[in-house]
Amino acid sequence: MGFKLGESKKKKKKKKSSQAVTLAVLVGAFPAIQAAAIPTPAASSTLPTGTSVVSGLNVLAKAAGKLYFGSATDNPELNDTTYTSYLDNSNHFGQITPGNALKWDATEPEPNTFTFTEGDQVTDLVKSNGQILRAHNLVWHEQLPSWVTSNNYSASQLTEVIQNHISNLAGHYKGQPNTDFGFRQDAWDVVNEPFNDDGSFRSDVFYDTLGSSYISIALDAAREADPNAKLYINDYNIEYTGAKATAMQNLVKTLQSDSVPIDGIGMESHFIVGEVPTTLVENFQAFADLGVEFAITELDIRMTLPETADLLEQQKQDYYTVVSACLQVSACKGITVWDWTDKYSWIPSTFPGQGAATPFDDNYEEKPAFDGIVAALQGQSL
Ligand code: XIL
């Protein structure tokens, strides 16, 4: 299936109106029978959809001065050819983040035994589509095999474990080429989620064994393994001003003054409909003022189900707010949604009762949120 939005919109509208005519004729012909026979429409069929006709979100993002508009993806859904026909369209998605394939449990399940099958499946697709890779992630407290956490490694042993993991993993994916920008624009989320919400360092095997020095150990190892990758620290609840953002800014300053390589900060941006922070731009500017770039790395905006027209309208406003904030600060390099369709979003399984967090619905139909993104990328008001 192609992805010419203009064409598919026209077809869809035509189909809907011919259905309407058919129903009207039938109802007119057999009013009593048909009135009873017409099924109550499913709630979803009455919900508003997106209406923008554009050549692609990535095309618009680049026209607005960003490097990409992209999406996370995951290996199981790559078997869905309808899904991949959309994902492969670099007019829409100029950048891909593997959602799980590069995590520690997927890549080094046993000490010094590396498996790159899933990662390679995603990066092969990225390469053949001419997209940009954001690699995710090297050191994180989750999805960590038990051998890392339960061996009571000493500080020097754990340092070696980190360095070996990074040199093999980042070495394997070193400088994945992409046709648009060359090697330099690929990024690694080197350290993921190092802070608690109060701005203190998160207690995990890395921090508990090495203190915050695990962060510079990881960044140094990543620079050595892939000198051309932009090195990022990625976290959530740092998108707005507050203790956690301040802690991240202080970490950036410390790393810079210690000459540890740090190029960028990932703002995960897992938001809730109606609760998008109001201090995004101010906070983004504070990071930019430190001389680091940043990116919106995992954007989704979830709601308590069921979807309603009001929630979808608010979600459109919320996507508009986030994308506009990135456009207002030039150090914001790009925007990645944490998968682009509700069908494969991580939200329903992680936050029971919530969902519908992405700009496309389960059937790959654009939602009002899609229009919010388009309007923001085009610099229009809503
Ligand atoms: C999520 C994946 O999307 C899920 O499939 C997995 O079960 C759990 O992790 N922050 C991150 C991402 O940095 O790696 C997480 O991805 C979502 C939260």
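**Exercise 1. Find the polar contacts that hold ligand oxygen atoms, and state how much of the ligand is covered.**

Step 1. Start at W338: an N or O atom of its side chain is 2.9 Å from an oxygen atom of the ligand. A polar contact is a pair of N or O atoms within 3.5 Å. The model is predicted, so local features need pLDDT of at least 70, side-chain atom pairs count only at pLDDT 80 or more, and totals for chains, interfaces and linings use all residues. Residues are numbered from 1 along each chain as its sequence is written, and side-chain values use heavy atoms, leaving out hydrogens and water.

Step 2. Add H136, with a polar side-chain atom 2.7 Å from a ligand oxygen atom. Add E298, at 2.8 Å.

Step 3. Check the cover. Alone, the ligand exposes 410 Å² (Shrake-Rupley method, 1.4 Å probe). The protein buries 77% of that.

**Exercise 2. List the shell around the ligand and sort it by class.**

Step 1. Take residues with a heavy atom within 4 Å of the ligand. They are N100, K103, H136, W140, Q143, N192, E193, E268, H270, E298, W338 and W346.

Step 2. Sort them. Asp, Glu, Lys and Arg count as charged; Ala, Val, Leu, Ile, Met, Phe, Trp, Tyr, Cys and Pro as nonpolar; the others, Gly among them, as polar. The shell has three nonpolar, five polar and four charged residues.

**Exercise 3. Describe the lining of the second largest cavity.**

Step 1. By class, six lining residues are nonpolar, two polar and two charged. Lining residues have an atom within 4 Å of a point on a 1 Å grid where a 1.4 Å probe fits but cannot get out.

Terms used. A polar contact is a pair of N or O atoms within 3.5 Å; within protein, one must be able to donate a hydrogen and the other to accept it, and residues adjacent in sequence count only if both atoms are side-chain atoms.
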